[in-house]
Each structure stands twice: as C-alpha cells, then as structure tokens.
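Please open the model in your viewer and keep the sequence panel at hand. The tour below proceeds from one selection to the next.

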Amino acid sequence: MKAAIFHGPHQPLTIENVDIDEPQDHEVLVRTAASGVCHSDLHFVEGLYPHPAPAILGHEAAGVVEKVGRAVTYLKPGDHVISCPSVFCGYCDECMSGHPNRCSNRKATQRGKDDKPRLSMNGKPVAQFADLSTYAEKMLLHENALVKITDKIPLDRAALIGCGVTTGVGAVLNTAKIEPGSTVAVFGCGGVGLSAIQGAKIAGARMIIAVDQFESKLAMAKRFGATHTVDASNTDPVEAIRKIASPGSDEGSDLLSAMTASQGVDYAFEAVGVKKLAEQCFEAIKPGGTATIIGMIPVGQKVELDGPKFLTERKIQGTMMGGNRFRIDMPRYIDYYLQGRLNLDDMISKRMRLEDVNEAFRAMKAGEVARSVLMFN
Ligand SMILES: [Zn+2]
Ligand SMILES: [Zn+2]
C-alpha cells in the first residue's frame with residue numbers, strides 16, 4: 001500500500017510502498033477514507049517531539065473495515081469507523097476508573113517486540129505513530145483504537161472527530177466542564193481551537209472570545225460561534241480579554257484588590273502549544289477561573305505563572321485528547337453534527353491527496369487553513 005513516510009525531523013515526507021500485515025486476534029484492517037492533517041504531526045516533523053524513523057505519521061482518520069481478526073466481535077467488514085489515538089486496554093486502573101484516554105497498559109494493544117511488525121518496508125519495521133499511522137491507504141489497528149459509527153456522516157467529516165474535534169470539544173465539555181452562562185477565551189483558532197469554540201457554544205457559554213494572530217482565522221472563529229475576537233498580532237490579548245469580559249472594573253490600588261479584581265474570563269483554553277500563550281491563558285482568567293492547556297508545549301519547556309494568583313483560587317490544568325471516552329463521545333459529536341449543532345463542513349478548508357501532505361503542513365504553518373484533509377479513493 002501507499003503511505004507517507006517520515007524519515008526524521010526537518011525532512012519532507014515521501015510516498016513509498018509499505019507492507020501491511022494481516023490482522024491478528026484483536027486487530028482490524030481498515031481502508032482509510034480520509035485523514036485530517038493535525039498540528040501534532042507537525043511537532044514531530046519539526047523535531048519538537050522525538051519519534052523513531054522510519055514511521056508513518058497521521059492520527060486523525062475515518063475509514064471502512066476491510067478485515068477483522070478472529071477474536072473481534074465488535075466490528076465486521078463494511079462497518080464505518082473513526083480511529084482514535086486514545087487506544088485503551090479496557091482493564092487497567094485508568095481504564096477501569098473511567099479514563100481510558102489515560103490507559104497505562106497500551107502495550108496490551110500493541111504487537112510484541114518479537115512479533116512480526118504491523119508495518120514494514122523492504123523487510124524492515126516501520127514505526128506506527130500513535131498506534132494508528134493514518135497517512136496510508138490502509139491501517140492495521142487494535143480494535144480498541146476504533147469506534148463504530150453511523151454511515152450517515154461523510155467519512156471526511158468523521159475523520160476530523162478522530163483528533164481535533166474530540167480534543168477541542170472534549171476539553172470544554174469533559175475536562176473544564178464549563179457551566180451554561182460562562183465566559184470563555186480560546187487562544188488559537190486552528191482545528192482544535194475552533195472545536196473548543198464550538199464546544200463552548202454547545203455548552204451554553206454566554207461569551208466566547210477568540211484569540212489569534214491571523215485575521216482570517218478570527219473571521220472563521222466568528223463563523224463557529226465566537227462572540228468576540230482579539231487580534232494578538234497588534235494587541236495584548238490578556239488586557240483585551242479583561243476589557244471585554246469585565247468592562248469598567250478597576251484593579252484598585254492595593255495588592256489585595258488587584259488580586260481579587262473580577263477581571264478576566266471564567267474559563268480560558270490554550271489550543272496551540274506555546275509557553276507564552278499558556279501563561280497568558282492563566283493571566284486571562286478571573287479569581288476562581290480555570291485555564292486549560294490543550295496544546296502540546298515543546299519538550300523541555302517550562303510554563304511560568306504568577307504565584308500570588310493561586311491565592312485567588314485560579315486553577316490551571318492539562319487535558320489529554322479532550323478527556324475522551326471516545327466510544328461514548330464520538331457518536332455524540334456525530335449526533336451534534338447531524339443536528340446542525342457542530343459545524344464540521346466548514347472546518348475542512350482543503351481536500352488533498354496523500355502526495356500533498358507536505359503542502360498541507362506548509363499551509364497549516366502559514367495559518368491558511370482550519371484543516372486540510374487527505375482523501376483516499
Ligand atoms: Zn491531533
Ligand atoms: Zn487501560
């Protein structure tokens with residue numbers, strides 16, 4: 001099968017012929033229909049996160065089941081599926097306590113070191129990114145990497161749910177659990193940020209402030225439910241957010257009133273993975289507010305926060321793929337889509353071929369797209 005091969009940081013992916021094995025007991029062979037190009041892949045291409053090479057990147061896809069291993073009863077050939085990086089074993093402490101996205105026993109879903117590799121090229125193993133590798137015509141996965149979905153949703157739209165939508169919407173609904181009437185700020189309006197904006201809208205936020213440095217993305221953010229926008233290329237976003245969320249409020253002259261001044265939003269989300277934005281995200285919340293860091297901050301970087309702010313019960317937290325239990329969440333997001341409450345149609349800025357994957361990375365870096373989707377036949 002054809003696949004896009006990652007050879008190491010700062011090198012373009014190349015299209016190669018790769019061998020894919022037959023499904024073993026709990027494995028499923030899926031014909032890829034569409035794969036979104038998510039920012040996380042770019043982190044590896046840019047060397048900000050390490051990954052062995054050669055590998056097939058890609059982790060946001062939907063497709064059709066072609067073949068199942070003999071122990072698989074959940075799926076059958078012809079089923080439409082979405083793949084998810086949150087592959088779960090189903091019986092470790094994390095899985096059993098309702099957090100399969102934090103599964104501590106992923107080994108149970110992978111092939112052993114001495115087994116034949118799922119993917120290989122010229123007889124040598126090819127690493128499987130996120131246990132998925134979606135930049136390929138086919139995927140060989142553990143069944144717990146898949147959710148069965150209705151065939152009412154087009155597979156290119158479904159693919160987006162595989163990572164970006166689940167990460168952004170889930171950060172709002174599952175991780176932050178915002179209340180109706182909340183005020184929200186979202187830093188970064190790419191695929192994940194736009195999904196967080198949509199999640200905030202679904203949850204009934206009364207104010208959604210979108211922050212980005214590209215005007216085109218802010219225009220998009222409005223279309224997806226932002227009530228206000230802040231252009232971070234020419235304004236201090238923290239000050240702008242405080243002005244919008246609490247107009248007329250005064251910091252006061254002494255330290256205590258400055259600390260407790262009700263300035264800022266109830267919830268802020270960082271959807272890029274940049275240290276400075278994570279810090280601004282925390283600065284932008286009011287006393288008692290919560291900052292949620294969704295983006296992948298590069299390995300080795302520390303986030304610095306203003307210590308006294310903790311005295312006012314401000315909180316900061318991480319989220320892993322939107323705190324998903326994806327077999328429950330993804331069908332719900334599909335319902336929202338089919339009801340017209342989650343806009344996936346406009347999230348796809350470009351449809352491309354597998355061969356265009358490097359161009360898709362370039363367009364993403366340039367801020368030209370919400371999402372590019374690679375389409376297979
Ligand atoms: Zn992703
Ligand atoms: Zn587990």
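Which residue in β16 is the bridge partner of A185? It is A268. The tour returns to this pair after an overview.

This is a predicted model, in which local features need pLDDT of at least 70, side-chain atom pairs count only at pLDDT 80 or more, and totals for chains, interfaces and linings use all residues. Residues are numbered from 1 along each chain as its sequence is written, while chains are lettered from A and ligands numbered from 1 in the order in which they are written.

**Whole protein.** Display the full trace: ten helices and 20 strands are present (DSSP runs numbered from the N terminus, H or I of at least four residues for helices, E of at least two for strands). The C-alpha atoms occupy a box of roughly 70 × 40 × 40 Å along the principal axes. Of the 377 residues, 51% are buried (20 or more other C-beta atoms within 10 Å of the residue's own, with C-beta atoms placed from the backbone).

**Two domains.** Colour domain 1 (2-149 + 344-375) and domain 2 (168-320) separately; the bounds come from an automatic or database domain assignment. Their centres, taken over C-alpha atoms, are 31 Å apart. Thirteen residues of domain 1 and eleven residues of domain 2 make the contact (C-beta atoms, placed from the backbone, within 7 Å). On the domain 1 side, helix α1 (residues 39-45) supplies the largest share, three residues.

**The open sheet.** Select next the four strands ordered β2-β1-β5-β10, an open sheet with mixed pairing (two strands pair if DSSP finds at least two bridges between them). At its edges lie β2 (14-17) and β10 (127-128), each pairing on one side only. Within the sheet, β1 (residues 2-6) and β5 (residues 55-56) are antiparallel and share two bridges; look for F6 opposite A55.

**Strand β13.** Now select residues 183-187. All five residues of β13 are buried, so the strand is largely enclosed by the rest of the structure. T183, A185 and F187 point one way, V184 and V186 the other.

Add β14 (residues 207-212), which runs parallel to β13 and is joined to it by five bridges; F187 has V211 as its bridge partner there. Between these strands the chain passes through helix α4 (residues 191-202) in a right-handed β-α-β crossover (with the strands pointing away from the viewer, the path from the first strand over the helix to the second runs clockwise).

Finally, add β16 (residues 265-270), which pairs with β13 in the parallel sense over four bridges. The opening pair, A185 and A268, is found here.

Key: Contact = placed C-beta atoms within 7 Å. Buried ≥ 20, exposed ≤ 12 C-beta atoms within 10 Å, placed from the backbone.
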